[in-house]
Each structure stands twice: as C-alpha cells, then as structure tokens.
Amino acid sequence: MNAAVLHSLDKPPRFERFSEPVAKDGEVVVHVRAAALKPVDKQLASGSHYASRRELPCVCGSDGVGHLDDGQRVFFGGPRAPYGSMAERTVVPRAFTFPVPETVNDDTAAALPNPGVSAWLSLAYRAKLARGENVLILGATGATGKLAVQIAKLLGAARVVAAGRNQEALNTLSKVGADGTISLALSESELAEAFLREGGESGFQVVIDYVWGRPAEAYLAAITRTEFAPVKSETRFVQVGESAAPTISLAAAALRSTALTILGTAGIPPREVLFDAFQRVMGYAAEGELHIDTERVPLAEIEGAWQRDLPGRRMVIVP
C-alpha cells in the first residue's frame, strides 16, 4: 500500500510503499479516507514529543477517518506502530473507533475531532466552565483556538475574549463568537491593560492557554494583586500548548494574592469522557454549529505538504 513513510527524524516523510497492516485480537483494519496533518504529528515525527516513535521506518499520522471491512465509516485514533493514519490502510484498537454522522463530510470528520475534542475537554472537563462565566483564549487564531472560541459560546460562556498574534485572523473571530480580541504583539504594559480591560470587573473565570511563554507571564502578572483585597472569583487556567515558549517565570505572589488554579490537560481522559466529548463535538458539526477550515492534499504530495503552514486551517491528507 502507499503511505507517508518516515525514515529520519530530521526529514519529512516520503510517499512510498509500505507493508500491509494485519489486525490482531481487539484490532481492526481501517481503509483510510482522510487524515489531518496536525502540529502534534510533526512533533511526533521530529522526535520532540514525549510519545515519539523511536523505531524507524514508520508511517506518520495519529488519527483520521475511514471505513471498516463491513463498510462502517468511523473516526479512528491510536494506530499500532509502525502504522499510521497517512496511508491507504492502517490498524487500530477497535475501542478507538467512533461512528461518524453521515452529514459530516470526510474532510471535517478527519480535521475536527482532534482539535475539537481537545478544546471541549479543556473547557468542559478540565476547566469545568459554567454557564455565565468569562473565558480568555490565549492563542485563539490557530485551528484549536478558533474551535475553543466556538465551543465556549456553545457551553454558555457570557463573554469570550480571543488573544493571538495573527491580527488578520483575530479580525475574523467575531464571526465565530468572540466578544473581544487582544493582540499578543502589544507591549508588556499594553497587554496587561488589555487583559484587565477585556475581563471587566469580574475578570476571567477560565483561561485556555495554547501559547505559554510571554503571553502567559503577562496575564499572570496582570492579575497579581499589589494590596490586600477580597477576591471576587476564581480563575482556572488550563495549560494546553507552548507555541510561544516551553517555560515561564512565575512569581509566588501570583498564586498567593489571587484565587488562581493552574491545570494541565492531564493526558487522555477515561474512554467514556472521551467518547462523550467526541459525540458532542460531532453532533454540533452535524448541526452546522461547529466549523473548521480545511485544505485537501493528495497523499502523494506529503513531502511538500509537510513543510507548509496553514494558520487557522487544517491540512487534510487524502490517499
């Protein structure tokens, strides 16, 4: 079969032949229709991700959409090494296959679940966003951040503020539910003022952070108090990504002077939580209430596609 085969951690995968997958007990072979090329796929292939495969060659891709031998169309994840989703066929645990609504096309079915479920879990499962709360999305111009804006509104957020570095993309986020925007290109003092201004009197109860680094430092510095005063509400800060930097400097006063809780995404949740999030995200997509921008690319062009960047969109690899 044809596949995107990785031979070296410092080079993109190549379009070439690879051995056919054979299912073992508890597994199924998936005939792939589409697989999204995500930042995590590039991290896995470069060796920079904690779950990167160390035995090469292998096929790239962590999830996608396809059909089983009985014709059922499914979204799937967790291909067994050395197989991946960017191939004509792959093999995955049966438990990691999920039926896809017929009204959701292959491109959306491949591109939406990973960032959509991630955003849903960050907001609903980790931050436990309650109706009427204010939400700040740090890094809202990427594909996942844009979905987080939409999902926060679907979950009943009173005010959603989108912060990002791409001003052109920021200008479009009001169309998907953002009540305000903040440019992360502002100076330190301007950024702090913007966070306080956009949060209003009650501030942000939930912050979803896809960037870390300087923007996170600026927000935490902005909410750090310089006097004794009653705290009006708690802030749940969920750390998801590190596109700005992998580390920050955190003053102890930020934790002592505010009702601040910093959370991670905590890896993969229980299957029932994951399945519920998947169903809700795909249900909203089927109803036309969740949208993701995609671009189709033939599998044969994977080497060139690997080196392209599509801010705010997902590239979908089609065998």
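In this predicted model, Ile137 has plenty to touch further along the chain: leaving aside neighbours within four places in sequence, its contacts are Gly145, Ala148, Val149, Val160, Val161, Ala162, Ala163, Ile208 and Tyr210. Ile137 also turns up, with Leu123, Leu129, Val135 and Ile208, among the residues with the most contacts inside the largest nonpolar core, a set of 48 residues. Helix α4, spanning residues 143-154, is the top contributor to this core and puts in six residues. Apart from that core sits another one, made up of 22 residues, including Val161, Ile182, Leu184 and Ala192.

Helix α4 also carries a lysine, Lys146. Its relative accessibility comes out at 16%, so Lys146 counts as buried, the cut-off being under 20%. Once residues up to four places away in sequence are set aside, Lys146 touches Ala140, Thr141, Leu173, Val176, Asp293 and Gly312.

Turning to helix packing, α3 (residues 113-126) and α9 (residues 271-286) meet at an angle of about 115°, and their axes are 9 Å apart. The two helices are therefore roughly perpendicular to each other, and the crossing of α3 and α9 is right-handed. On the α3 side, the contact is made by Pro113, Gly116, Val117, Trp120, Leu121 and Tyr125. Helix α9 brings Val273, Leu274, Ala277, Phe278, Arg280, Val281, Met282 and Tyr284 to the contact. Sorted by type, the residues of this α3–α9 contact come to twelve nonpolar, one polar and one charged.

Technical notes
Residues are numbered from 1 along each chain as its sequence is written. This is a predicted model: local features need pLDDT of at least 70, side-chain atom pairs count only at pLDDT 80 or more; totals for chains, interfaces and linings use all residues. Side-chain values use heavy atoms; hydrogens and water are left out. A nonpolar core is a set of buried Ala, Val, Leu, Ile, Met, Phe, Trp, Tyr and Cys residues joined through side-chain atoms within 4.5 Å. Buried means under 20% relative accessible area, exposed over 50%, partly exposed in between (1.4 Å probe, protein chains only). Helices (H or I, at least four residues) and strands (E, at least two) are DSSP runs, numbered from the N terminus. Contact means heavy atoms within 4.5 Å. Axes are lines fitted to C-alpha atoms, for helices over the stretch in contact, and angles run from 0 to 180 degrees between N-to-C directions. Angles under 35 degrees count as roughly parallel, over 145 as roughly antiparallel, 65 to 115 as roughly perpendicular and the rest as oblique. A crossing is left-handed if the near helix is turned anticlockwise from the far one by less than a right angle, and right-handed if clockwise. Ala, Val, Leu, Ile, Met, Phe, Trp, Tyr, Cys and Pro count as nonpolar, Asp, Glu, Lys and Arg as charged, and the others, Gly among them, as polar.
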